[in-house]
Amino acid sequence: EDSKNVYIKNLKDNYIPQGNDFVASFAIEITDLNKTLVIEVINNKLNCYYGEKTDVEVSAKTTNEVMNKLVNGRTTFQGAFMSGELSAKGNFKTLRTFDQLFQFNVLS
């Protein structure tokens, strides 16, 4: 239960606004938590929650372990995708913006 909210806090803490006309949406299904993390960016406003959203630009699937690596700066969204730790479909231009939107600091 706790690690779920950590992801939302980490996303909010490491969010980098991309300008007023930037819009993106992601749904990341965390398979072993049986939860979907929805991330919406609309005009510099970030909205993160657990739930269902069908009309996202990028739909991804990964595990709790990979999400931990992501928010702790040990892998990037694109890196996890390229290595097969995360599967994604949708708009790949948007997929590439994830790592610009969120710049996680590596925890030592």
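**Exercise 1. Are Phe-98 and Phe-102 buried or exposed? Find out, then follow the aromatic rings around them.**

*Solution.* Please keep in mind that this is a predicted model.

Step 1. Start with the two residues named in the task: Phe-98 and Phe-102 are both buried.

Step 2. Look for ring partners. The whole structure holds seven aromatic pairs. In one of them, Phe-77 and Phe-98 are stacked, with 4.2 Å centre to centre and 25 degrees between the planes. Planes under 30 degrees apart count as stacked.

Step 3. Place this pair on the chain. Phe-77 belongs to helix H3 (residues 77-82) and Phe-98 to helix H4, so the pair links distant parts of the chain, 21 residues apart. Phe-77 and Phe-98 are both buried.

Step 4. Return to Phe-102. Its pair with Phe-98 is tilted, at 4.9 Å centre to centre and 50 degrees between the planes.

Step 5. Widen the view. Ring pairs join Tyr-15, Phe-26, Phe-77, Phe-98, Phe-102 and Phe-104 into a cluster.

**Exercise 2. Work out where the buried residues of helices H4 and H2 sit around each helix.**

*Solution.* Take one helix at a time.

Step 1. In H4 (residues 92-101), the buried residues are Thr-94, Leu-95, Thr-97, Phe-98 and Leu-101. Viewed down the axis of H4, they fall within an arc of 160 degrees, so they line one face of the helix.

Step 2. Check how H4 begins. A side-chain oxygen of Asn-91 comes to within 2.8 Å of the backbone nitrogen of Lys-93.

Step 3. Turn to H2 (residues 64-71), where Asn-64, Val-66, Met-67, Leu-70 and Val-71 are buried. These residues cover an arc of only 160 degrees around the axis, which places them on the same side of H2.

Step 4. See what comes after H2: Gly-73 follows, with a positive phi near 75 degrees.

**Exercise 3. Describe the largest pocket and its lining.**

*Solution.* Begin with the volume, then go through the residues.

Step 1. The volume of the largest pocket is about 170 Å³.

Step 2. Its lining includes Ala-27, Glu-29, Glu-52, Lys-61 and Lys-89.

Step 3. Ask which elements give two or more residues to this lining: they are strands E1 (23-30), E4 (58-62) and E5 (87-90).

Step 4. Sort the lining by class, and you get four nonpolar, three polar and five charged residues.

**Exercise 4. Compare three asparagines found in loops: Asn-34, Asn-44 and Asn-14.**

*Solution.* A general point helps here: most residues other than glycine have a negative phi.

Step 1. Asn-34 is in the loop between E1 and strand E2 (35-42). Its phi is positive, near 55 degrees. With 68% relative accessibility, Asn-34 counts as exposed, since the cut-off for exposed is over 50%.

Step 2. Asn-44 is in the loop between E2 and strand E3 (45-50). Here too phi is positive, near 70 degrees. At 28% relative accessibility, Asn-44 is partly exposed.

Step 3. Asn-14 sits in the loop between helix H1 (2-13) and E1. With a relative accessible area of 13%, Asn-14 is buried, because buried means under 20%.

Step 4. Finish with a link along the chain. Asn-14 and Asn-105 are 91 residues apart in sequence, yet their C-alpha atoms are separated by 7.9 Å.

How values were computed. Residues numbered from 1 in each chain as written. Predicted model: local features only at pLDDT ≥ 70, side-chain atom pairs only at ≥ 80, totals over all residues. Heavy atoms only, no water. Buried < 20%, exposed > 50% of the residue type's maximum accessible area, 1.4 Å probe, protein only. Helix = DSSP H or I, 4+ residues; strand = E, 2+ residues; numbered from the N terminus. Arc of directions from axis to C-beta. Polar contact = N/O pair within 3.5 Å; in protein donor to acceptor, adjacent residues only side chain to side chain. Phe/Tyr/Trp six-rings, centres within 6.5 Å; stacked < 30°, edge-to-face > 60°. 1 Å grid on protein atoms, 1.4 Å probe; cavity = no way out; pocket = protein on both sides within 12 Å on 5 of 7 lines; lining within 4 Å. Points joined across faces, edges and corners; volume = space filled by probe spheres on them. Nonpolar A, V, L, I, M, F, W, Y, C, P; charged D, E, K, R; others polar.
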